[in-house]
Amino acid sequence: MRIEEKKIFVIIGVAIALVVAVKAILGHYNTTDDPGIPFYSTASKEVSNKALLIYKKNECKNCHTLWTQRNIMQTVPAPPLDGIGSIRTETFFYEYLSAEDPQLILPSRLKKEFQMPSYAHLLDDDRKILAAYMASLKVKDWYLEETRKREYEKLTGKKYNP
Ligand code: HEC
């Protein structure tokens, strides 16, 4: 074998070793028990599009997190809405959004300016769509306790002790 040929074999050998090593490393991190994202919505495209427009128009994201999004300029410690539909019912959301004084339904620990505002002035249809959408915001079972804990602690400011 000439020197040139030997060099080529060495290079090919090193390349194969590299591919094997990279595959082994990726395989190690890419474990099959990664549980993925726990939140999902059961709403139709139509309901979620309409609801998200109302959500945007009424600046809910000034205080709440939904799909990891919120207004970063605001630091209101309101409960996150991801998974909230696994904790409360559509009727609850409708009544809460329709209440003149939402704090009669869920007492607040915050100053008036940070409390959940009344949305009783919205069109009835808009409150219905928002309520249906909130109820569609589900969380998978393995993350339900954690979601309850976050909601409880944000709402009450107390440690969650089931
Ligand atoms: C000014 C801040 C603010 C805005 C804007 C706001 N919220 Fe809230 N929201 C809160 C706070 C704070 C709470 C917890 C109760 C309280 O302290 O009044 C809450 C509670 C809730 C809850 C009940 C959560 C639970 O723990 O069960 C829902 C649902 C909700 N808001 C939906 C909305 C929707 C939908 C909008 C927009 C239409 C909205 N909020 C706009 C601050 C806000």
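Domain bounds here come from an automatic or database domain assignment. On that basis, the chain of this predicted model is split into domain 1, covering residues 1-34, and domain 2, covering residues 39-156. The C-alpha centres of domain 1 and domain 2 are separated by 51 Å.

A good place to begin within the chain is the ligand and its surroundings. The shell around the ligand holds 26 residues, and those that come nearest are Cys60, Cys63, Ala78, Ser108 and Met116. By class, this shell contains 17 nonpolar residues, together with six polar and three charged ones. Two helices take part in the shell: α4 (124-136) and α5 (144-156) each contribute at least two residues to the surroundings of the ligand.

Helix α4 also packs against other helices, and it helps to recall how such pairs are described. Two packed helices are characterised by the angle between their axes and by the distance between those axes.

The pairing with helix α2 may be taken to start with. Helix α2, residues 45-57, packs against α4 at an angle of about 115°, and the two axes lie 9 Å apart. Angles of 65 to 115 degrees count as roughly perpendicular, and α2 and α4 are therefore roughly perpendicular to each other. The crossing in which α2 passes α4 is left-handed. On the α2 side, the contact involves Val47, Ser48, Lys50, Ala51 and Ile54, which meet Asp126, Ile129, Leu130, Ala132 and Tyr133 of α4. Sorted by class, the residues of this contact of α2 with α4 comprise seven nonpolar, one polar and two charged.

The pairing with helix α3 completes the picture of α4. The axes of α3, residues 90-98, and α4 come within 8 Å and cross at roughly 140°. This angle makes α3 oblique to α4. The crossing of α3 and α4 is right-handed. From α3, the contact draws on Glu90, Phe93, Tyr94, Leu97 and Ser98, while α4 provides Arg127, Lys128, Leu130, Ala131, Ala132, Met134 and Ala135. The contact of α3 with α4 is made up of eight nonpolar residues, one polar residue and three charged residues.

Read together, these details show helix α4 in several roles: α4 supplies residues to the shell around the ligand, meets α2 in a left-handed crossing and meets α3 in a right-handed one. Leu130 and Ala132 of α4 take part in the contact with α2, and Leu130 and Ala132 also appear in the contact with α3.

Terms used
Residues are numbered from 1 along each chain as its sequence is written. This is a predicted model: local features need pLDDT of at least 70, side-chain atom pairs count only at pLDDT 80 or more; totals for chains, interfaces and linings use all residues. A residue is near a molecule or strand if its C-beta atom, placed from the backbone, lies within 6 Å of it. Helices (H or I, at least four residues) and strands (E, at least two) are DSSP runs, numbered from the N terminus. Ala, Val, Leu, Ile, Met, Phe, Trp, Tyr, Cys and Pro count as nonpolar, Asp, Glu, Lys and Arg as charged, and the others, Gly among them, as polar. Axes are lines fitted to C-alpha atoms, for helices over the stretch in contact, and angles run from 0 to 180 degrees between N-to-C directions. Angles under 35 degrees count as roughly parallel, over 145 as roughly antiparallel, 65 to 115 as roughly perpendicular and the rest as oblique. A crossing is left-handed if the near helix is turned anticlockwise from the far one by less than a right angle, and right-handed if clockwise. Two residues are in contact if their C-beta atoms, placed from the backbone, lie within 7 Å.
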